[in-house]
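Please look over the sequence and the model below before reading on. The paragraphs after it are meant to be read with the structure open beside them.

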Amino acid sequence: MRRSQTLRGWQIACAIALMALPALAQKRPQPPKSARLYVFDCGSIKGLDPATFHFKKEELAGVDFVVTCYLVVHPKGTLMWDVGVIPDSAFKPDGAPVTERISTVTKPLLPQLAAVGYTPADISYIALSHYHSDHTANANAFAGATWLVHQPERDVMFGDKPQGIIQPAHFTALRNSKTTILKDDDYDVFGDGTVVIKYAPGHTPGHQVLYLKLRKTGPVLVAGDLYHYPEERNSDKTPTFEFNREQSLKSRAMIEDFLKKSKAQLWIEHDLATFNKLKKAPEFYE
Ligand SMILES: [Zn+2]
């Protein structure tokens, strides 16, 4: 009797262990055969003054911004691109939406990442299109990744008295991250031309954009804040808070030329119309 009970106990233990195995295996997804792109909802910014962008309200299809975060999963590693406007730490235990000034976030980023199988420890690289506070909120969570940044951008971020649209507390941990300083030419993150960071300065001193060559979707350019509104594309209007307007116009011309040659889709990160059309995580582009 006792022996069969012991045996039964052992069998149950084995069964539980076997059941747990697939769950463990699922926890960290297998690297895909080709690059994937996940799009996360990182909030919205409302009540902006179009005059800040040299527009009248009626000249824009919409004034409000969406805030978007992205995860690239490549066979050789992962890249987080832009990490939100309000950090996950601002959420209360009830998980209710958080509003800070004109920004609101309804979903924290890390649970969205976990829902597709990744934790910050799984992230190989972090890159920010630029240092403005609506792109950096959760940067500290990814300080264990290798940071891909241009020197003039890093210099502003860790300067003596950072000024403007910047929230240094949100990225202090990047100071000691393993860091790769990018040069002015394209940076091929995984070495096969499918995930490339392009230098497009002007909005900030080291502003950059992300070019992806996806097997099924085709080429995509995630444009950071090269533009905020599609209406900027056919004008020479730049925001009032541009670091260097002439440089921005040069970067825009270079990227427009690249879009023609590469036939890449342009994704303006803050554009609600673009965002509404996109597949959101857990769906992905490949
Ligand atoms: Zn922005």
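What follows goes through a sheet, the nonpolar cores, a metal site and one loop residue of this predicted model.

A convenient place to begin is the open sheet, which is built from eight strands with mixed pairing and which runs in the order β4-β5-β1-β2-β3-β6-β7-β8. The edges are taken by β4 (98-100) and β8 (179-182), and because each of these has a single partner strand, one side of each is left without a neighbour in the sheet. Averaged over the sheet and with direction ignored, neighbouring strands are turned by 25° against each other. Within this order, β6 (residues 125-127) and β7 (residues 146-150) pair in the parallel sense over two bridges, and Tyr125 has Thr146 of β7 as its bridge partner.

The nonpolar cores come next. The largest of them holds 41 residues, and of these Leu71 and Ile126 touch the most other members. The elements that contribute two or more residues to this core are β1 (36-45), β2 (65-74), α2 (109-115) and β7, with β2 giving the most, namely five residues. Leaving aside residues up to four places away in sequence, Leu71 is in contact with Arg36, Leu37, Tyr38, Phe40, Thr78, Leu79, Met80, Leu113, Val116, Tyr118 and Ile123. Another core, of 25 residues, lies apart from the largest one, and its members include Ala35, Leu37, Phe190 and Phe275.

Which residues coordinate the zinc ion? The donors come from Asp134 (OD), His135 (NE2), Asp225 (OD) and His270 (NE2), at 2.0 to 2.1 Å, and along the chain they follow the spacing D-H-x89-D-x44-H. Both Asp134 and His135 are buried. The angles among the four donor atoms run from 86 to 163°, and the site is irregular; four donors count as tetrahedral if all angles lie between 85 and 135 degrees, so a site that reaches 163° does not meet that criterion.

The last stop is Ile268, which lies in the loop between β13 (265-267) and α5 (272-277). Is Ile268 buried or exposed? Its relative accessibility is 5%, and because buried means under 20%, Ile268 counts as buried. Not counting residues up to four places away in sequence, Ile268 touches Tyr227, His228, Tyr229, Pro230 and Thr274. Asp185, by comparison, is 83 residues from Ile268 in sequence and 22 Å from Ile268 in space, taken from C-alpha to C-alpha.

Key
Residues are numbered from 1 along each chain as its sequence is written. This is a predicted model: local features need pLDDT of at least 70, side-chain atom pairs count only at pLDDT 80 or more; totals for chains, interfaces and linings use all residues. Side-chain values use heavy atoms; hydrogens and water are left out. Donors are N, O and S atoms within 2.8 Å of the metal (3.2 Å for Na, K and Ca); water is not among the atoms, so sites may look incomplete. Four donors count as tetrahedral if all angles lie between 85 and 135 degrees; four count as square planar and six as octahedral if opposite donors are over 155 degrees apart and all others between 65 and 115; anything else is irregular. Buried means under 20% relative accessible area, exposed over 50%, partly exposed in between (1.4 Å probe, protein chains only). Helices (H or I, at least four residues) and strands (E, at least two) are DSSP runs, numbered from the N terminus. Contact means heavy atoms within 4.5 Å. Two strands pair if DSSP finds at least two bridges between them. Axes are lines fitted to C-alpha atoms, for helices over the stretch in contact, and angles run from 0 to 180 degrees between N-to-C directions. A nonpolar core is a set of buried Ala, Val, Leu, Ile, Met, Phe, Trp, Tyr and Cys residues joined through side-chain atoms within 4.5 Å.
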